[in-house]
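Reader: Hey, got a minute to go through this one with me? I'd like to start with the charged pairs and then get to the packing.

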Amino acid sequence: MDGSTSEKGPVDNQGKKESAEAKPKGFQIRIESPDLILNAAQKGKSGELGKSLLEKPIKSIDVKLLSGKGNFDLEASVGLDTLAGWDGDNNEDKTKLRTLDFRKDIAEEFGTYKERSNNYIITGPRGTPLVITEELSLNKCIITTGFVRDWSRRIERINPAPESTKENVENALADVSDVIKRSVSTIYGLALKPVPNEELVLHPPKVKTDEVGEYSTPEALLGKLNVEKPDIKFEDIGGQEGAKREIQGLAFALKNPELYRKWGTKPPKGILLYGPPGTGKTLLAKALASQADAQFLHVQASDIASKWYGDSEKIMKDIFELASKSDGKAIIFFDEIDAILQKREGAHEATQRVVSTFLENMDGLSKNDNVIVVASTNRKDSIEPAALRAGRFDRWVEVPMPDGEGRKQIINIHMGNAEKIAGRKLFKDIDIGQLAAKTEGFNGADIAEVLRRVLEEKVRLEGTMGFDPNPVETENITSELEYYEKKNKQGNG
């Protein structure tokens with residue numbers, strides 16, 4: 001296709017011009033419902049405000065609201081897509097771009113700045129104190145309203161958290177947006193690539209505060225805990241029929257503890273989901289919360305590890321207390337639980353303290369029928385045996401790699417979701433059987449990523465070539481599957 005015609009016939013040049021003008025010019029940020037974002041900040045709610053996926057050299061941009069009692073923080077991360085390589089002719093070029101410190105260039109755009117411990121402290125156009133830092137392990141540029149994180153993700157203050165006033169929230173949103181846009185322009189400029197026409201929408205956190213109870217997240221938990229009310233149905237999860245049946249039964253237990261009491265017994269307090277990465281363990285936990293109409297406290301277990309004596313134990317205690325105080329049902333979900341429940345025998349004293357604190361708090365839930373603990377792991381054998389005994393994680397649910405039928409379901413679900421978002425047909429004459437056969441050994445996350453990349457290529461073709469590409473066909477997906485599998489085998493996927 002040469003850009004002047006499409007499979008639908010000749011292109012209307014006037015319509016094409018209007019369509020091009022309707023697209024954002026360069027990278028833009030739109031703040032949606034700032035009054036509701038203010039309301040979330042004032043009620044102590046935390047959550048993602050917006051996320052955008054871009055093309056190399058930037059992988060993604062993510063903006064979060066972290067709220068405490070009477071104050072708030074904004075944290076924006078700009079992830080660099082260096083694993084896939086930059087547009088250099090040799091490895092030396094890639095190394096230079098990968099290690100290039102562009103944060104100073106960004107800071108200079110905003111006038112006077114201070115440098116402290118390799119962090120750049122600036123003042124936004126509307127007076128918001130900001131810090132431009134980095135997260136080396138994930139290759140991210142981080143922009144915050146006054147804090148940095150150490151290697152264990154612990155927050156260290158450089159500037160006080162702003163008070164949750166209307167002026168402060170609106171100014172911070174605008175100033176952080178300005179720094180993000182300048183960062184995008186700087187990074188693409190260094191890579192000698194045009195800034196993509198993309199719009200990042202900052203919207204209120206997805207869950208209304210009154211749905212999860214009127215409480216403020218303790219400051220120690222900011223950035224370590226995400227509270228939400230998921231809206232995921234079991235039919236939204238492809239395959240895993242055995243695991244889904246068992247989880248559905250557990251949802252009934254959480255909703256009907258009185259029936260257990262009638263028969264002189266108790267529902268399970270701990271559920272361990274185990275299996276390879278990317279098989280849907282987190283989705284199953286969210287579906288459990290959704291069906292049980294429960295508040296979902298999502299904890300990344302590795303985030304609560306700390307180098308400071310006693311901090312991990314306190315954070316864990318705060319999490320359990322928060323769940324116990326919430327109105328209605330609550331599920332505490334520990335993702336990658338093996339990070340904190342390591343076997344105590346022969347372990348460091350700090351590990352033993354953390355495990356003991358976790359087990360004590362879990363035992364403390366024995367009389368609370370409203371709270372259940374769910375955890376996921378792909379290393380069940382490394383977990384402290386005492387955590388797996390009766391009364392703790394006594395219900396084990398295996399979440400294996402999807403079989404052929406499961407892969408068909410996963411493909412259909414993700415194609416259906418994409419078409420629902422687009423409001424139109426995106427796929428044509430897809431041979432699901434062929435794709436299921438070619439995805440043997442793929443987990444659900446792999447399949448979702450392959451389909452995302454196929455659709456992203458259509459976005460690139462329309463954005464750069466200016467015509468409406470053909471719908472996705474089987475050949476498009478099989479080609480991406482082969483490329484994806486090859487890159488993963490090389491360790492570059």
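Author: Sure. Keep in mind that this is a predicted model. One pair to begin with is D231 and K233, whose side chains meet in a salt bridge, 3.9 Å from N to O.

Reader: Is D231 buried or exposed? And what about K233?

Author: D231 is exposed, at 61% relative accessible area. K233 counts as partly exposed because its relative accessibility is 42%, and the cut-off for exposed is over 50%.

Reader: OK, and how many salt bridges does the structure hold?

Author: The structure holds 21. Another one of them joins R392 to D363, with the closest N and O atoms 2.6 Å apart.

Reader: Which parts does that pair tie together?

Author: R392 sits in the loop between β18 (371–377) and β19 (395–398), while D363 belongs to helix α10 (residues 349–363), so the bridge ties together parts 29 residues apart in sequence. R392 counts as buried, at 8% relative accessibility, whereas D363 is partly exposed at 30%.

Reader: Where do R460 and E457 lie?

Author: Both are in helix α13 (residues 444–465), three residues apart, or about one turn of the helix. Their side chains meet in a salt bridge at 2.8 Å, N to O.

Reader: Why does a spacing of three or four places work in an α-helix?

Author: An α-helix has 3.6 residues a turn, so residues three or four places apart point the same way. As for exposure, R460 is partly exposed at 39%, and E457 is also partly exposed, at 35%.

Reader: Which residues are linked in a network of salt bridges?

Author: That would be E449, R452, R453 and E456.

Reader: Switching to packing. Which residues have the most contacts inside the largest nonpolar core?

Author: I58, I61 and I180, in a core of 38 residues. Helix α5 gives the most to this core, with nine residues. There is also a second, separate core of 33 residues, which includes L272, I315, V355 and M362.

Reader: What is I61 in contact with, leaving aside its neighbours within four places in sequence?

Author: Its partners include F27, L54, V78, I180, V184 and L200, and also K51 and S52.

Reader: Back to α5: how far apart are its end C-alpha atoms?

Author: They are 36 Å apart, which agrees with the 36 Å that its 25 residues (166–190) should span at 1.5 Å a residue. After α5 comes L192, with a positive phi near 60°.

Notes
Residues numbered from 1 in each chain as written. Predicted model: local features only at pLDDT ≥ 70, side-chain atom pairs only at ≥ 80, totals over all residues. Heavy atoms only, no water. Salt bridge = Lys/Arg side-chain N within 4 Å of Asp/Glu carboxyl O. Buried < 20%, exposed > 50% of the residue type's maximum accessible area, 1.4 Å probe, protein only. Helix = DSSP H or I, 4+ residues; strand = E, 2+ residues; numbered from the N terminus. Expected span 1.5 Å × (residues − 1). Core = buried A, V, L, I, M, F, W, Y, C linked by side-chain atoms within 4.5 Å. Contact = heavy atoms within 4.5 Å.
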